[in-house]
Amino acid sequence: MTDFAYAVDGDGVATITWDVAGKSMNVMSMAGFGELEGLIDQALADMAVKGVILTSGKKDFAGGMDLNVIARMKEGGVEALFEGVMGIHALLRKIERAGMDPKTLKGGKPIVAAMPGTGVGIGFEIPLACHRILVADNPKAKIGLPEIQVGIFPGAGGTTRLIRKLGAMVAAPFLLEGKLSDPKAAKANGLIDEVVAPEALLARAKEWVLAATDADLVKPWDAKGYKMPGGTPYHPAGYMTFVGANAMVLGKTMGVYPAARAMMQAVYEGALVPFDTALKIEARHFVSVLMNPSSTAMIRSLFINKEALEKGANRPAAPDQTVRKLGVIGAGMMGAGIAYVSALAGIEVVLIDATQESADRGRAHSEGLLDKGIQRRAMTVEKKAEVLGRINATTDYAALSDVDLIVEAVFEDPKVKAEVTAKVEAVVGAECIFASNTSTLPITGLASSSKRPDQFIGIHFFSPVDRMALVEIIKGAQTGDRAVAKALDFVRQIRKTPIVVNDARYFYANRCILPYTNEGIRMVSEGVSPVLVENAAKMVGMPVGPLQLTDEISIDLGIKIAKATKAALGNDYPDDDVDAVVFALADQGRMGRKAKAGFYAYDAAGRREGLWEGLGQMWPVAAQQPDLVTVQHRLLMSQVLEAVRAFEEGVLTDIREGDVGAILGWGFAPWSGGPFAWLDIIGAARAVEICDGLEAAHGVRYAAPALLRDLAAKGDGFYDRFGGGRKSAA
Ligand code: NAD
């Protein structure tokens, strides 16, 4: 036995302790289910056992199901998968009924979940089947069912039990958004029964077991006359809840996430039938979601590959490069954010700007975020002082003498950056790695002003730094392995997800996103309705339409980038039609959201009101509009083909990074699992067909890349040929 331990004390209380060998967090595997069932059988059969405490030997209860196991379960086919899920239901139902007489509901043994900390996914679905849930008073603990975030839904009874426990209205945010709660909030929302002092957890559990009566063990849904809180869909109040919830789900997901829709179906159909039938319905919808290629792709990108990248899948072999002290040069929007996330992760930071006032303003950014944390109860006054104490805001470069990593975030001007590089290198130690947070300037060029180009690298953050999970690491022509390892170890310390790419114009993320905003703008110039453009983007799962995104980025930054690109490409520059629109808006002072005027109109407080009516006068909407799918294909392909070209050229060397980077970096349709995953879902042959059609109608930018044609000709897919590791196409 490797996952669970079993002991019975002198009072006849059995304790089953979940403690998976060799792991810091318990995760459930098929073997684990087998062990747990064996121990439950043993406890129920043993006349000397009065009741059971289910707890954990680790600081947390459980992190959920091992999603690698789900990925493997699917390989057995749909029937085996359904049987597997029904087996899990049978085990949890056995815990719930605990040997009681099915008619009288008497004679069962109390089973209590005693959770020392976090319990999510199956780590909360098992407690939901127990008769009482106790959680230690640990503000760091997270309780909930986050499955929806990786493209599935709680399929071990969590959906059916939570709906019946709380009613559809109250359960909605926990199921549909995967919202997690700390123990006190979980208690306030009715997810758990008691919050207990950590040292008293097991004693209280035992006390409850020994005092429990037959009635304490009967779940409301097993009791006679059970009514769902808030009503079933046939009840007038329940009907309204379901109509509202359905509208909310469709409004948020635009119908592109199969899991949200399937969960709603499981809830609706399940609410009309007895509990055991509802579990079967839940299993049927769960299996259909697991077999959907979208869920495969989401699990692969958002769980398996994201974790692999975070664990250093592409880290070169170099000794540990943990950052002890960081220098941030430039305390503007980005520098201040980088200082904050680093200090929060326990790293000492020297934050430098040209004036003390600017440096202090940069530090004050951290103070503001920490204060917000205190308001949300996610931060304490003591911790705030500790974090702020780690940030030394100054103009004095001498303070950098003992830093081991520099992140430069001054103005986007090669001359300013070169001056800063020289000033920094004059004071730091010979081993210090220098990183630039540039968003557009090639790293190899910036490195030419460094004495140590092998120690020079790009670490590209996204804005706002504290919220965006992706960090793009860029290798210049001369960047050495130790610099890459340093950047990766730093990203790991601040708990973000890294991708490592080679140096090229706009690196990876910005390179793919510009064609997306450009294509949206180009369509406006062609007379496509801006409403159609924006809605088509959202209906294919993009978080924001291309016109709104342009407003957010700001029109003047767009113009700056356009001018730089045109200077570099000369006659090959392909976007004059896009510039015509952008320049015309700029002429009218419509610089985007910050100017409260752009493609959209904004109110005085800067809230977006709707597309600007003047667009129609400047670019009249054509009488004949393209169909929705054509607009969607143009918007998706403009990004996806750029990703494929980046891979062909060797800028991207691992499609896993391409997919994870696209979702985390610019929100590329998460349901698809990323650009490469999307091409695999539709198939290379179909993708080539779409490209050929778009190329004929709209030009050579849609020409299918040679690699895509080759995959189509051989009936291959990206993940078949390049999956599972660093396998460059270049
Ligand atoms: P910003 O203008 O908000 O901040 C730049 C800061 O650098 C200012 O506080 C300025 O006083 C300071 N500075 C300028 N010259 C200096 C010098 N010689 N010595 C010390 N400090 C100096 O700009 P930002 O948006 O934070 O961008 C900074 C860098 O990050 C740029 O290279 C930009 O391209 C890049 N970047 C920006 C974003 C974004 O969304 N804004 C995203 C990724 C990367």
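In this predicted model, Thr-394 is buried, with a relative accessible area of 12%. That value falls under the 20% cut-off, so the residue counts as buried. Thr-394 lies in strand S14, which spans residues 391-394. A polar atom of the Thr-394 side chain is 2.9 Å from the backbone nitrogen of Asp-396. Beyond four places in sequence, Thr-394 touches Val-350, Leu-351, Ile-352 and Asp-353. Gln-356, Ala-359 and Ala-399 are also among the residues that Thr-394 touches.

One of these contacts of Thr-394, Asp-353, also appears in the surroundings of the ligand. The ligand has 21 residues around it. Those that come nearest are Met-334, Asp-353, Glu-412, Lys-417 and Ser-439. Polar pairs with the ligand involve both backbone and side-chain atoms. On the backbone side, a polar atom of Met-333 is 3.0 Å from an oxygen atom of the ligand. On the side-chain side, a polar atom of Lys-417 lies 2.7 Å from a ligand oxygen. A polar side-chain atom of Asn-437 lies 3.0 Å from an oxygen atom of the ligand. The ligand taken alone exposes 840 Å², and the protein buries 76% of that area.

Three elements give two or more residues to the shell around the ligand: helix H13 (333-344), helix H16 (414-425) and strand S17 (456-461). H16 supplies the largest share, 3 residues. By residue class, the shell divides into 11 nonpolar, 7 polar and 3 charged residues.

A second buried site is Ser-672, with a relative accessible area of 1%. This value is also under the 20% limit, so Ser-672 is classed as buried. Ser-672 is found in a loop, between helix H26 (655-666) and helix H27 (675-682). A polar atom of the Ser-672 side chain lies 2.7 Å from the backbone oxygen of Ala-669. With residues up to four places away in sequence left aside, Ser-672 touches Ala-297, Ala-677, Trp-678 and Ile-681.

Thr-17 has its place in strand S2, residues 13-18. Outside a window of four places in sequence, Thr-17 touches Asp-3, Phe-4 and Ala-5, and also Thr-55, Ser-56 and Gly-57. Thr-17 and Asp-603 are 586 residues apart along the chain, and 58 Å separates their C-alpha atoms.

Turning to the whole protein, the fold has 30 helices and 21 strands. The radius of gyration is 28 Å, close to the 27 Å that the globule rule gives for 730 residues, so the protein is as compact as a globular protein of that length. Along the principal axes, the C-alpha atoms fill a box of roughly 85 × 65 × 55 Å. Of the 730 residues, 55% are buried. Contacts with a separation of 6 or more were also examined. Of these, 72% join residues 24 or more positions apart. The accessible surface of the protein comes to about 29,600 Å². Carbon and sulfur atoms account for 56% of that surface.

How values were computed:
Residues are numbered from 1 along each chain as its sequence is written. This is a predicted model: local features need pLDDT of at least 70, side-chain atom pairs count only at pLDDT 80 or more; totals for chains, interfaces and linings use all residues. Side-chain values use heavy atoms; hydrogens and water are left out. A residue is near a molecule or strand if one of its heavy atoms lies within 4 Å of it. A polar contact is a pair of N or O atoms within 3.5 Å; within protein, one must be able to donate a hydrogen and the other to accept it, and residues adjacent in sequence count only if both atoms are side-chain atoms. Accessible areas come from the Shrake-Rupley method with a 1.4 Å probe; for residues, only the protein chains shown count as cover. Helices (H or I, at least four residues) and strands (E, at least two) are DSSP runs, numbered from the N terminus. Ala, Val, Leu, Ile, Met, Phe, Trp, Tyr, Cys and Pro count as nonpolar, Asp, Glu, Lys and Arg as charged, and the others, Gly among them, as polar. The radius of gyration is taken over C-alpha atoms; the globule rule is 2.2 Å times the number of residues to the power 0.38. Buried means under 20% relative accessible area, exposed over 50%, partly exposed in between (1.4 Å probe, protein chains only). Contact means heavy atoms within 4.5 Å.
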